[in-house]
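Hi,

Here is the structure I promised to pass on. Have a look at it first, and then read my notes below.

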Amino acid sequence: MRRIAILVAALFSFSGTAHAQMVRAQDPSSVVRALQGAGYKAEMTKDESGDPLIRSTSSGSNFAIFFFGCTKNVDCRTIQFFAGYDRDKSPSLSQMNDWNSRKRFGRAYISDKGAARIEMDVDLDDGGISTKLFEDNLEFWVLLMAQFEKHIDS
């Protein structure tokens with residue numbers, strides 16, 4: 001009987017540890033911790049509607065992480081990496097179409113003010129993703145940002 005109690009306690013302890021290591025939109029601080037653990041700054045704030053918003057940088061370029069599917073500014077479901085670029089010369093529609101036709105991830109568009117924008121969604125619904133998978137998505141995002149900057153400056 002004692003062995004069963006120890007086994008049950010160990011299982012509960014393990015499941016709590018595994019849950020704590022998940023990056024979840026329902027827990028914006030888990031996104032902050034994952035960013036910081038990967039060596040990025042992470043400033044937690046709120047967007048215009050009061051939903052969580054994280055600001056960060058990579059290689060001197062600012063980006064944001066928006067939270068979506070929130071209920072009353074909490075219990076969010078997904079996140080979106082976002083970067084905007086105001087350049088002296090606006091990129092052409094042809095440049096954006098070229099990007100979108102060749103890239104599977106990281107959709108690009110031109111804002112109503114002529115600024116280049118790039119976004120990448122990450123679904124964290126139903127329990128989130130591991131820190132390792134979040135870091136992989138983050139690494140991919142940073143690579144996309146660098147490629148996009150080069151694309152719009154060419």
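A good place to start is a pair of neighbours: β3 (residues 52–58) and β4 (residues 61–68) run antiparallel to each other and are joined by six bridges. Strands here are DSSP runs of E with at least two residues, helices are runs of H or I with at least four, and both are numbered from the N terminus; two strands pair if DSSP finds at least two bridges between them. One bridge in this pair sets S58 opposite S61 of β4.

Before going further, a word on what you're looking at: it's a predicted model, where local features need pLDDT of at least 70 and side-chain atom pairs count only at pLDDT 80 or more, while totals for chains, interfaces and linings use all residues. Residues are numbered from 1 along each chain as its sequence is written, and side-chain values use heavy atoms, with hydrogens and water left out.

**The sheet**

β3 and β4 belong to an open antiparallel sheet of six strands, in the order β2-β3-β4-β5-β7-β6. At the edges are β2 (43–46) and β6 (107–110), each with a single partner strand, so one side of each has no neighbour in the sheet. On average, neighbouring strands are turned by 30° against each other, direction ignored; axes are lines fitted to C-alpha atoms, for helices over the stretch in contact, and angles run from 0 to 180 degrees between N-to-C directions.

At the β6 end, β6 and β7 are antiparallel and joined by four bridges, one of which matches A108 with I118 in β7. Their hairpin has five residues between the strands, and G114 there takes a positive phi near 90°.

**Q80 in β5**

Is Q80 buried or exposed? Q80 is buried, at a relative accessible area of 8%; buried means under 20%, exposed over 50% and partly exposed in between, with a 1.4 Å probe and protein chains only. Q80 sits in β5 (residues 78–85), and its side chain makes a polar contact with the side chain of D121 at 3.0 Å. (A polar contact is a pair of N or O atoms within 3.5 Å; within protein, one must be able to donate a hydrogen and the other to accept it, and residues adjacent in sequence count only if both atoms are side-chain atoms.)

**Helix α3**

Helix α3 (residues 93–102) packs on the sheet, touching β6 and β7 (116–123), and its direction makes about 170° with that of β6. Contact means heavy atoms within 4.5 Å. Q95, M96 and W99 of α3 are buried. Seen down the helix axis, the buried residues fall within an arc of 95°, so they line one face of α3; the arc is that of the directions from the helix axis to the C-beta atoms. Their cover includes β6, β7 and α4 (131–153), while the face turned away carries the exposed L93, S94 and S101.

**Aromatic rings**

How many aromatic pairs does the whole structure hold? The search finds eight. Rings of Phe, Tyr and Trp (its six-membered ring) pair if their centres lie within 6.5 Å; planes under 30 degrees apart count as stacked, over 60 as edge-to-face and the rest as tilted. F63 and W141 have ring centres 6.2 Å apart and planes at 70°, so this pair is edge-to-face. F63 is in β4 and W141 in α4, so the pair ties together parts 78 residues apart in sequence. F63 and W141 are both buried, and ring pairs link them with F81 and F134 into a cluster.

Cheers
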